[in-house]
Every structure is written in C-alpha cells, then in structure tokens.
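Here is a walk through one protein model, taken a region at a time. Have the viewer open and follow along.

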Amino acid sequence: MIDLLQVRNENFEIIGIIDTAKSVIWHKKYYGVGDFEIYAQATEQHVDLLRRDKYVTRINDDEIGIIEKVEISENAQDGLMIIASGRFAKSIFDRRIIYTLSGKQNSATVIRGNVESGARALVANNAISCAFNSKRNIPVLQLGAHSGSTKIIVDGSGQATQKQVTNDNLLTYTDALLQEYEMSAKIVLSANEFKLDYKCFEGIDRSVDNSNGLDCIVFSSDFDNLTDSDYLTDETTVKNMALIGGEGEGLDRFYSSIERSETGLARREMFVDASNIQQKYKDDQDQEQTYTDSEYKAMLDSRGKLQLAQMVRVESFSGTINTAFGSWRLGIDYALGDIVTIQNNKIGIYANVRITETTEVQDENGYSVSLNYE
C-alpha cells in the first residue's frame, strides 16, 4: 500500500508528509529509470512541500524520487489541484557525459573485466571523483557496496574483451552496459540518509525452474492472482547482423562485422557508427599506444553486440496482480528484477520471465499493482 509519502529537502531531511493525495503512481523499472506522480489538493501545505528538486521517499521502499515538474490546475470536479512528478534518483546521470579532458585532448575511456566494476568506475570518474574537473562531482553521491557479481565483459564468443566509450551519456551507457548482462542499478539513500548510494543489483530467480531451492512464484488467472493480462510479440525492430564502422573516413574506415547464422529473408542488417572508438590510446604513463587490429576489432564487435542486444524481438507480458488474493507481496516475497513464472492456459502461454516494471497506484479505487515482464 502507498499509505504516505515523505518529502525531503536537499539534505534529505524529512520536511513533511503527504498522506491525503487523491492519487499516487509509483512506477519502477529494472532497465532504465522509473518515475512517479502525485495528484493532491493544492493546499498551502502541499504547494509548499511539492516543489522542484525536493526528494520523495516511501517507507519500506529504497527508491528516492526527485520532483522535476509541478503543475497547478483547477477543474470543476476536483477543484484546485497540484500535480508533482519526476523520475527516480538515477536520473541525475542524465546530467553527465563520459569523457576525460586534458587541455584540448579528449581521451577515450576503456573498461574491461568485471561488468559491475566497469559501471562503478564510469560513475566515479564522471560524477563522484573526476580528476580533471571538480565541478563535475556530485557531493551527495557515493558508491554503495559492490553486489559481488562475477560477470565479466565478454565478446560474442564468450571470450574476455574490453569496451571503449567517449562522449556517451552516462545514464544511457551505464544502463545499457548492465542490461547487456541482465543486471541493473539504482540510487538509494545511504544508511545514515545523508548521502546517495549508487548500487548495482540483479534479480533473483523465483520461477518454477529455479535451481536455488527458493519457493516458486506463479502468476496465473487459474490461481486468481492475475486479473488482467496482455501478451505482445513484435519483430519490427529486429536486427541480427551488424556492420561496424570504426575510425577513418568513408571507405577507408576500419570496418568489422558481426555475422550470425541467418540468411535470406531471415537476415536483418544494421550499421553501427563506432567512429569514437580509437585505435590509438594513452596508457597509464600517458604514453601513446596502438591496439593491434585484432584488439581493435574486438572493441568494435563489442559495440556492435551492444547495439544488436537492443534490436531483438520483443516478447512481453503485462498483468494486474490481484492483491486481495494470494500471499505474495511486492517488495517482500518478490521484487523488481526477479524471475517468476507466468501462465495463461487459455492461450497456451507458459514462461519464466523477468519483472522489468512495477506500477503501484493508490487512488479512490484503492490500491493496485501492475507488472510488466520480459
């Protein structure tokens, strides 16, 4: 239930409570950034609390929202109302790009090895402890504890490789990097509530086929815990072959390609511009070095793989959970990112899927939870 919302100031101190909102929408995403909306009477207290850049939190929920938009309107039915909305705290990475500047020289960033460590290094170097420009640092932000994930950056054949990035948006790139390895990240309040912690995480397998001994979670209309469901399959954007263009101009560029088994009509090609990946680089001693052709090709292929991973067949389920039936509770028995089992015997669908979005709504109709799965 969304019983109340806590409004916090720039120091994360609670300055007020919203417990009489007409409706609250709390939309969390495993891949990407979630958002929220508060619709309440425009009383003097609410107008004073719900201002841009104020933080919003819930009891027993580690997400922290940032109010980005405030609208006050009047209508015959509800009277004078205030609508405060925004995104969750990870959205602050949308304010940074990935670069390393030395005078007029912008150097590429190379990441290799542990996936989570790579994402954390990008965040640290561009938003926490930037070595060349302290104005880029966000004082309230810090790295949380490492999740312990052992996943490493690999190429299409599963061999260890590295990635090179320059000028990409920090939010978009780090999220895409983690999504490639079915991981996610969020920014939460630190234990003492005076800082923001960046944390990577991975959902837990709670499907009927899980091998970790956990009780399985099954959502089905047959069990009366799934009231509405929608199944979608879409191949509109599918691509399975990539031609990647590295540094150089025109036909003289360094090209690589990712080839799969598809031929004829089944083959769907795309071009990936990777001109910002450079073959020459500076080492830790600031000496210029050159990647071998095979090393450089591997980095181009890694960029191509990342793009292809976003151009896949979409197969998704969405459904409304019957909160009045069953004992499974969101945030207690299962959470965003977990793998559960969905079945609809009427159309013959049975699948183990990852919960990629959760939407909680509290309004005059009561409390409801909707889930999206992939």
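Let's begin with a hairpin: S6 and S7 are connected through three residues. Keep in mind throughout that this is a predicted model. The pairing between S6 and strand S7 (residues 79–88) is antiparallel and counts 10 bridges. If you want a spot to check the register, look at Glu 71, which sits opposite Ile 83 in S7.

S6 has a partner on the other side of the sequence too. Strand S5 (residues 55–58) runs antiparallel to S6, and four bridges hold the pair together in the assignment. Within that pairing, Thr 57 has Ile 64 of S6 as its bridge partner. S5 and S6 also make a hairpin, this one with two residues between the strands.

The turn of that hairpin deserves a look at its backbone. Asn 60 sits in the loop between S5 and S6, and its phi is positive, about 65 degrees, although Asn 60 is not a glycine. Glu 193, in the loop between S13 and S14, is another non-glycine residue with a positive phi, near 65 degrees. How exposed is each of them? Asn 60 has a relative accessibility of 82%, so it counts as exposed, while Glu 193 is partly exposed at 34% relative accessible area.

Here are the pairings with their bridge counts:

| Strand pair | Direction | Bridges |
|---|---|---|
| S5 and S6 | antiparallel | four bridges |
| S6 and S7 | antiparallel | 10 bridges |
| S17 and S18 | antiparallel | four bridges |
| S17 and S19 | parallel | five bridges |

Before leaving S6, which spans residues 61–75 and includes Ile 72, check the surface. Val 70, Ile 72 and Leu 80 form a nonpolar patch there, with about 230 Å² of accessible area together. Patch members need over 30% relative accessible area, and Ile 72 has 46%, which makes it partly exposed.

Now for the open sheet. It has three strands in the order S18-S17-S19, and the pairing is mixed. Why is one side of S18 and of S19 left without a neighbour in the sheet? Both strands stand at the edges and each has a single partner strand, so there is nothing in the sheet on the other side. Direction ignored, neighbouring strands of this sheet are turned by 20 degrees against each other on average.

Strand S17 (residues 241–245) is mostly covered, with four of its five residues buried. Towards strand S19 (residues 269–273), Met 241 has Glu 269 as its bridge partner, and Ile 244 is matched with Val 272. Towards strand S18 (residues 255–258), the bridge partner of Ile 244 is Ser 256. Helix H4 (residues 293–308) lies across S17, S18 and S19, and runs at about 45 degrees to S18.

H4 turns up again around another helix. Is helix H3 (residues 170–180) enclosed or open? Nine of its 11 residues are buried, so H3 is largely enclosed by the rest of the structure. Among the buried ones are Leu 170, Leu 171, Leu 177 and Leu 178, but also Asp 175 and Glu 180. What covers the buried residues of H3 includes H4, helix H2 (115–128), and several strands, among them S10 (109–112), S12 (162–165), S13 (184–189) and S14 (196–201).

Terms used: Residues are numbered from 1 along each chain as its sequence is written. This is a predicted model: local features need pLDDT of at least 70, side-chain atom pairs count only at pLDDT 80 or more; totals for chains, interfaces and linings use all residues. Side-chain values use heavy atoms; hydrogens and water are left out. Buried means under 20% relative accessible area, exposed over 50%, partly exposed in between (1.4 Å probe, protein chains only). Two strands pair if DSSP finds at least two bridges between them. Patches are made of residues with over 30% relative accessible area and no salt bridge: like charges are joined within 9 Å, nonpolar side chains (Val, Leu, Ile, Met, Phe, Trp, Tyr) within 5 Å. Accessible areas come from the Shrake-Rupley method with a 1.4 Å probe; for residues, only the protein chains shown count as cover. A salt bridge is a side-chain nitrogen of Lys or Arg within 4 Å of a carboxyl oxygen of Asp or Glu. Axes are lines fitted to C-alpha atoms, for helices over the stretch in contact, and angles run from 0 to 180 degrees between N-to-C directions. Contact means heavy atoms within 4.5 Å.
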